[in-house]
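Subject: Structure for you to look at

Dear colleague,

Here is the structure I said I would pass on. My notes on it follow below.

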Amino acid sequence: WMQQMPGINKHHKKLFPIYPFAFKSFGHLDADAAVVSSSGFSKWLRFTPRTRVFGYCHTPPRFFWQTDHYLKNEVKSGLLKAVARLFVLWLRPSDLACSKKTHHFIANSKNVQNRIREFYGRDSVVIYPPVEVHKFRVTPQHDGSYLILSRLVSYKGIDRAVAAFLQNG
């Protein structure tokens with residue numbers, strides 16, 4: 001139902017307080033096992049008690065667990081920051097409760113594994129994303145080019161990388 005909301009594509013971040021309701025609206029999903037790939041609200045899905053839930057975690061949500069850094073970079077309006085902070089304080093305990101319904105956490109990196117331990121108090125195993133690393137190799141030659149692959153969102157700090165390269169010529 002959220003996909004039908006006017007402006008959802010442009011303003012999806014501002015609508016984060018209603019995401020839990022969207023995921024809960026699926027009802028109780030019945031399966032032997034479920035793999036939930038998420039960095040946000042997917043772990044709010046509800047399953048029947050018999051379902052073993054494996055959470056492939058890309059990161060615990062930054063807006064819940066690294067709130068100050070996230071809001072500083074993502075929200076310009078002081079009023080919106082204050083409102084978002086209230087919603088985060090209201091929703092953070094529920095995110096923690098939803099993390100406890102995940103039977104086994106899988107982290108996509110050691111860094112994410114540390115965040116899962118820090119924010120959720122949970123152990124996890126690391127399974128790196130499927131990249132054919134044998135196709136790449138480190139060599140001493142360098143042609144002076146650099147490449148950053150990332151979403152262009154402010155908390156990723158791409159602007160700082162560009163500034164550093166500009167400063168170094």
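I start at G121, which comes just after α6 and has a positive phi of about 65°. Please keep in mind that this is a predicted model.

Helix α6

The helix before that glycine spans residues 110-120. Its buried residues are V112, Q113, R115, I116, F119 and Y120. They lie on the same side of α6, because the arc they cover around the axis is only 160°. In general, an α-helix has 3.6 residues a turn, so residues three or four places apart point the same way. The exposed residues K110 and E118 sit on the face of α6 turned away from the buried side. Among the elements that cover the buried residues of α6 are β4 (52-57), α3 (62-65), α5, β5 (104-107) and β6 (124-126).

The core

I116 of α6 also turns up in the largest nonpolar core, which has 32 residues. Together with F16, Y19, F41, W44 and F64, I116 touches the most other members. Two or more residues each come from α2, β2 (33-38), β4, α3, α4 (67-74), α5, β5 and α6. As a general point, nonpolar side chains tend to be buried together in soluble globular proteins.

F64 is a useful place to look at this core. Leaving out neighbours within four places in sequence, F64 contacts F41, W44, V88, L91, R92 and D95. F41 and W44 are, like F64, among the members of the core that touch the most others.

The surface patch

Some nonpolar side chains are on the surface instead. W1, F21, L79, V83, F87 and W90 make a nonpolar patch of about 670 Å². Which element gives the most to the patch? Helix α5 (residues 78-100) does, with 4 residues. F21 belongs to helix α2 (residues 19-24). F21 counts as partly exposed because its relative accessibility is 46%, which is between the 20% and 50% cut-offs.

Two other sites

T51 is in the loop between β3 (46-47) and β4. Is T51 buried or exposed? With 2% relative accessibility, T51 counts as buried. Apart from residues up to four places away in sequence, T51 touches L29, D30, A31, D32, A33, A34 and H103.

I158 is in helix α7 (residues 158-167). The relative accessible area of I158 is 19%, so I158 counts as buried; the cut-off is under 20%. Leaving aside neighbours within four places in sequence, I158 has contacts with I148, S150, R151 and L152. I148 and I158 are 10 residues apart in sequence, and their C-alpha atoms are 8.1 Å apart.

The chain as a whole

There are 7 helices and 6 strands, and from the N terminus on they run α-α-β-β-β-β-α-α-α-β-α-β-α. Along the principal axes, the C-alpha atoms fill a box of roughly 55 × 45 × 30 Å. The chain has 169 residues, of which 36% count as buried. Among contacts with a separation of 6 or more, 41% are between residues 24 or more positions apart. The chain exposes about 11700 Å², and carbon and sulfur atoms supply 60% of that area.

Regards

Terms used. Residues numbered from 1 in each chain as written. Predicted model: local features only at pLDDT ≥ 70, side-chain atom pairs only at ≥ 80, totals over all residues. Heavy atoms only, no water. Patch = residues over 30% accessible without salt bridge, like charges linked within 9 Å, V, L, I, M, F, W, Y side chains within 5 Å. Areas by Shrake-Rupley, 256 points an atom, 1.4 Å probe, with all protein chains shown as cover. Salt bridge = Lys/Arg side-chain N within 4 Å of Asp/Glu carboxyl O. Buried < 20%, exposed > 50% of the residue type's maximum accessible area, 1.4 Å probe, protein only. Arc of directions from axis to C-beta. Contact = heavy atoms within 4.5 Å. Core = buried A, V, L, I, M, F, W, Y, C linked by side-chain atoms within 4.5 Å.
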